[in-house]
Every structure is written in structure tokens, then in C-alpha cells.
Amino acid sequence: MKQILVTRSSMPSFEEYADEIKELWDTHWLTNMGVKHKQFQKKLCEYLKVNNIELLTNGHMALELTLQAMELSGEVITTPYTFASTTHAIVRNGLTPVFCDIKPDDYTIDADKIEALITDKTSAILPVHVYGNICEIEKIEKLAEKYNLKVVYDAAHTFGETYKGIGVGNFGDASIFSFHATKVFNTIEGGAVCFKDEKYSAKIYDLKNFGIHGPETVSGIGANAKMNEFCAAMGLCNLRHIDDEIAARKKIYDKYCELLADVKGVCIPSAQKDVKNNYAYFPVVFDEDKFGKSRDEVAEELLSEGIFARKYFYPITSAFDCYKDRFNPLDTPIAYDVSKRVLTLPIYGELGEENAEKICRIILK
Ligand SMILES: *Cc1c(COP(=O)(O)O)cnc(C)c1O
């Protein structure tokens, strides 16, 4: 049986990539901010409509080192309805995550519930533009100003998106992106961060390159999280096709919407106002009482037909084994509830509308 995975990495043709990396055999310059790195950095700034961007080995290191660069302390208000990386980055910085619940309509952090969680220990807010849904940026910005907090967006899901025409990387004090193989845009592995205040670009550079400033000068206690030339070259290639990839995803997304829109007990995403979407995910939330089947039953039925949908995000991060007895997942009842009922359907440019139709047929059966 032909399997359908939840996503499939987009790749350029072999010839295009081979052409892109050819000169590396002349220069033997494989990493450490070489030619490909510089070209990719410049092209990304243009595409993402941002003033600055630092490239890193992956999205997680971009986030972890960004939190370190901001010299945060105490508590960080965040969402448990996310990938492990978001919460781990906070904890691995010696900070305490304080979990705020999400909105039931778009699954982003509920900005109206943040203020009640702010204490004299709070130093930052770390919201996630989950599934490509943009958070309540204006409300979060107001709170951050009122209480003098930093805002770092986990924008891993929002590559290429704009809000009111502004590149999503421009919001907050920093926004991080992931270019992992499973994301809308990939560099095999890779990540990046954009800062409002460019002084942080120098800091993150230090943190990703051992704090080395010259052959005999090491002035920071940095880690190593540089993007290499082969990943940057993959990025240069994939960037040429990203608009086609997003357009192809939109077709799948629209097909799902069309076929699942009026199904009782099935909640599908709705378009956000002022947002240019990248169609990264297609989350479906099942109401067992109305639909007649549970999320787990639907997932199993799909699996029996070779289709790998994902329970993304289940469990929520506050329910992870590694955080047992440390957090209470019931502190965020909406996130907890949604996580038990959500299934993200396969979506990628090459999936094809026939496969989207097949998946819907199985769900509706
Ligand atoms: C993928 C992802 C990350 C981490 O990115 P990597 O490039 O895989 O390290 C962080 N946050 C969210 C929400 C993600 O989906």
C-alpha cells in the first residue's frame, strides 16, 4: 500500500542543487559564514520583509540562544500548545515557563488571559504563531509595554506570512523561524531569528560562534550553532520555489475546507483577517458526541489505509513525562481539551487533490 505521510520535504531538482553547491568544490569553504550563507541571508531578508536575520543550525537553537541573548530571568509566559522546543528552550535557559491557555478558535495564546499571570518575576512572553495562525499581536504588544516585558515569537510555523502586509518576523523583540525538513520551507535543518533591536544580532552571532571575534579574541561564552554552506545552498534553491509550494498547499487546503466545511462535529481552520497564510498545517478538531467517532478512532482508520495524520500537538508540553509533577496540564483546560481531539491532516505541495479527497472520504465514511 502506498503510504501518505503528514508532510513531505520539498526539494529542488537534483541538478539545481548540484549546480548550487558546485563552487564549494572549488573553494572548500563548507561552513563558517561562507558565500552561500551570505547570499541566503540577503535573499531571506528580502523574502521575509525584515531588516535583519541571523541563520542558525536549527529553529530550536535560534530560540534557545535568543532567550539567552535577551538575558531573561524568572518567569516566561507561554503556551503549552506547541512543539517540545518552545517549552524546552525556556527550561534549558534556567527559566520557569508559566502556561497561559489558548483560544479555542485559532489555538494561539489567549492574550486576555496573560495579564493575570504576570508577577514581579515575569521577564518575557513567548507566544507561538501555531499552525501559521498569527497571535493577537497588538494586545500582546500593549501588555509588554505596560509591564516592560520582552516578547519573543516562536514563528516556526509562519514562514513567509504577513500580517497587515508586514513580514511576521518584524513583531515582538524577536521572532524565530524553523527551516526543518518538515516545515513549509526547509534548509534540511536550519533556523533563523529576526530582532527588532539589531544589537541582539551581534549577541546571537557570539552565541552561535563560540564568542569568537578574531583569531586571538574570544570575548563571549558562546555555543556553536552556525548554518553550514550545504544547508544555505538548499535554502537558496528552495526559496526559488517557495511561492509555488505555498500555492500548491493552498489547493489542498481549499479542497479540505470544501469537503469538510459542513460536517457536524468537525472543526476546521478559518481564515484570519489581514493575514497572508502559508498553509503550513490543516488541523481538524473532532467533537466525538456530534461526529460519532473520536480523534483516535479517525487516526486509526486513516492509518489502516496507509495515511499518517498526526496528533499535533498531543500531549501538550506541560503534560510531558519530563515535566511530571512540575506542571499541571489542567491549568490550561482549553489546550488540554483540544490536544485530545486534534488531528493534523497531511498537507504538502505534492500531495495532490485526489489524495486530499481520499483522506476526506475515509474521514466521512
Ligand atoms: C519545528 C518547531 C521548532 C523547532 O525547530 P527545529 O528547526 O526543528 O529545531 C520550534 N517551535 C515550533 C513551534 C516548531 O514547530
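User: In this predicted model, how far does a polar side-chain atom of Ser178 lie from an oxygen atom of the ligand?

Analyst: The model is a predicted one. The two atoms to compare are a polar atom in the side chain of Ser178 and an oxygen atom of the ligand. Two N or O atoms within 3.5 Å make a polar contact. The distance here is 2.7 Å.

User: How much of the accessible area that the ligand has on its own does the protein cover?

Analyst: On its own, the ligand has 380 Å² of accessible area. The share of this area covered by the protein is 94%.

User: Where does the ligand sit, and which elements give two or more residues to the shell around the ligand?

Analyst: The site of the ligand is the largest pocket. Two or more residues of the shell come from each of these elements: α4 (59-69) and α5 (84-91).

User: Which residues come nearest to the ligand?

Analyst: There are 15 residues around the ligand. Ser178, whose side chain has a polar atom 2.7 Å from a ligand oxygen, belongs to the nearest group. The full group is Gly59, Asp154, His157, Ser178 and Lys183.

User: How far are the side chains of Asp154 and His157 from atoms of the ligand?

Analyst: For Asp154, the ligand atom is a nitrogen, and a polar side-chain atom lies 2.7 Å from it. For His157, the ligand atom is an oxygen, and the partner is an N or O atom of the side chain. That distance for His157 is 2.8 Å.

User: How do the residues of the shell divide into nonpolar, polar and charged?

Analyst: Gly counts as polar in this division, and Gly59 is one of the residues that come nearest to the ligand. The shell holds three nonpolar residues, two charged and ten polar.

User: Which peptide bonds in the loop between α10 and α11 are cis?

Analyst: Phe313 is in the loop between α10 (295-304) and α11 (333-341), and Pro315 is found there too. The bond that leads into Phe313 has omega near 20°, and the one that leads into Pro315 has omega near -10°. The cis bonds are Tyr312 to Phe313 and Tyr314 to Pro315.

User: What is the phi of Lys164, and is Lys164 buried or exposed?

Analyst: Lys164 is in the loop between β6 (162-163) and β7 (166-167). Its phi is positive, about 50°, although Lys164 is not a glycine. The relative accessible area is 49%, so Lys164 is partly exposed.

User: Where is Phe210, and what is its relative accessibility?

Analyst: Phe210 lies in the loop between α7 (199-208) and β10 (212-214). Phe210 is not a glycine, yet has a positive phi of about 60°. Phe210 counts as partly exposed because its relative accessibility is 37%.

User: How far apart in space are Thr31 and Ala232?

Analyst: Thr31 has its place in the loop between α2 (24-27) and α3 (35-48) and counts as partly exposed, at 32% relative accessibility. Along the sequence, Thr31 and Ala232 are 201 residues apart. In space, C-alpha to C-alpha, they are 9.4 Å apart.

User: How far apart in space are Asn224 and Met61?

Analyst: Asn224 is placed in the loop between β11 (217-218) and α8 (229-260). With 42% relative accessibility, Asn224 counts as partly exposed. Asn224 and Met61 are 163 residues apart in sequence, and their C-alpha to C-alpha distance is 9.3 Å.

Notes:
Residues are numbered from 1 along each chain as its sequence is written. This is a predicted model: local features need pLDDT of at least 70, side-chain atom pairs count only at pLDDT 80 or more; totals for chains, interfaces and linings use all residues. Side-chain values use heavy atoms; hydrogens and water are left out. A residue is near a molecule or strand if one of its heavy atoms lies within 4 Å of it. A polar contact is a pair of N or O atoms within 3.5 Å; within protein, one must be able to donate a hydrogen and the other to accept it, and residues adjacent in sequence count only if both atoms are side-chain atoms. Accessible areas come from the Shrake-Rupley method with a 1.4 Å probe; for residues, only the protein chains shown count as cover. On a 1 Å grid over the protein atoms alone, a cavity is a set of points where a 1.4 Å probe fits but cannot get out, and a pocket is an open set with protein on both sides within 12 Å along at least five of seven lines; lining residues have an atom within 4 Å of a point. A molecule sits in a cavity or pocket if more than half of its atoms lie within 2 Å of its grid points. Helices (H or I, at least four residues) and strands (E, at least two) are DSSP runs, numbered from the N terminus. Buried means under 20% relative accessible area, exposed over 50%, partly exposed in between (1.4 Å probe, protein chains only).
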